[in-house]
Amino acid sequence: MAMGPWLTVATALAGLNALLLVALGAVWLRNYRTFGTTLILGLLAFAGVMLVENLVAIYYFFGMGMLYASDPVAQQSVVVLRALQFLALLFLTYVTMQ
């Protein structure tokens with residue numbers, strides 16, 4: 001089954017989200033090794049769970065038939081949610097890297 005344009009955009013956004021989460025996880029891991037606080041450990045867990053979620057989404061976009069593959073409204077909703085997640089991670093990455 002060929003991916004439509006909306007699922008292609010959703011897949012690209014999930015990939016970008018995964019890249020941002022890897023960068024955040026690397027910084028937070030370094031900080032956890034330095035400071036050892038539970039707050040940073042929580043941030044690391046957050047990055048890990050969100051990374052797994054995005055990688056599973058990419059797997060489903062590529063390898064599995066999606067329940068909403070034929071519904072353009074559902075596809076657009078997925079893109080909007082992925083875009084909002086991307087913006088949130090972009091802000092978080094920006095302030096973390098400062």
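Q: What does the accessible surface of the protein chain come to, and which atoms hold 75% of it?
A: The total is about 6,200 Å², and carbon and sulfur atoms hold that 75%. Accessible areas come from the Shrake-Rupley method with a 1.4 Å probe; for residues, only the protein chains shown count as cover. Keep in mind that this is a predicted model: local features need pLDDT of at least 70, side-chain atom pairs count only at pLDDT 80 or more, and totals for chains, interfaces and linings use all residues. Residues are numbered from 1 along each chain as its sequence is written, and side-chain values use heavy atoms, with hydrogens and water left out.

Q: What makes the pattern of the protein chain α-α-α?
A: The chain has three helices and zero strands. Both are DSSP runs numbered from the N terminus, helices being H or I with at least four residues and strands E with at least two. Read along the sequence, that gives α-α-α.

Q: How do you know that the 37 Å reach of helix α3 is close to what's expected?
A: Helix α3 covers residues 72–97, 26 residues in all. The expected span is 1.5 Å times one less than the number of residues, which gives 38 Å here, so 37 Å from first C-alpha to last is close. Helix α2 also has 26 residues and reaches 37 Å against an expected 38 Å.

Q: Why is Arg 82 called buried?
A: Buried means under 20% relative accessible area, exposed over 50%, and partly exposed in between (1.4 Å probe, protein chains only). Arg 82 has 11%, so it's buried. Arg 82 is one of the buried residues of α3, among them Val 78, Phe 86 and Leu 89. What covers them includes α1 (5–35) and α2 (38–63).

Q: Why is Leu 81 called exposed?
A: Leu 81 has a relative accessible area of 57%, which is over 50%, so it's exposed. Leu 81 is found in helix α3 and helps make a nonpolar surface patch of about 600 Å², together with Val 80, Leu 84, Leu 87, Leu 90 and Phe 91.

Q: What makes Glu 53 and Arg 82 a salt bridge?
A: The term asks for a side-chain nitrogen of Lys or Arg within 4 Å of a carboxyl oxygen of Asp or Glu. Here the N to O distance is 2.9 Å, so the pair qualifies. The pair links distant parts of the chain, with Glu 53 in α2 and Arg 82 in α3, 29 residues apart. The structure holds one salt bridge. As for Glu 53, its relative accessible area is 33%, so it's partly exposed.

Q: What makes the aromatic pair of Tyr 59 and Tyr 60 edge-to-face?
A: One aromatic pair turns up in a search of the whole structure. Its rings sit 5.6 Å centre to centre, with 75° between the planes. Rings of Phe, Tyr and Trp (its six-membered ring) pair if their centres lie within 6.5 Å; planes under 30 degrees apart count as stacked, over 60 as edge-to-face and the rest as tilted. So Tyr 59 and Tyr 60 pass as a pair and land in the edge-to-face class.

Q: Why does Leu 16 count as partly exposed?
A: Leu 16 has 39% relative accessibility, which falls between 20% and 50%, so partly exposed it is. Leu 16 lies in helix α1. Leu 16 and Ala 88 are 72 residues apart in sequence and 12 Å apart in space, C-alpha to C-alpha.

Definitions and conventions. Contact means heavy atoms within 4.5 Å. Patches are made of residues with over 30% relative accessible area and no salt bridge: like charges are joined within 9 Å, nonpolar side chains (Val, Leu, Ile, Met, Phe, Trp, Tyr) within 5 Å.
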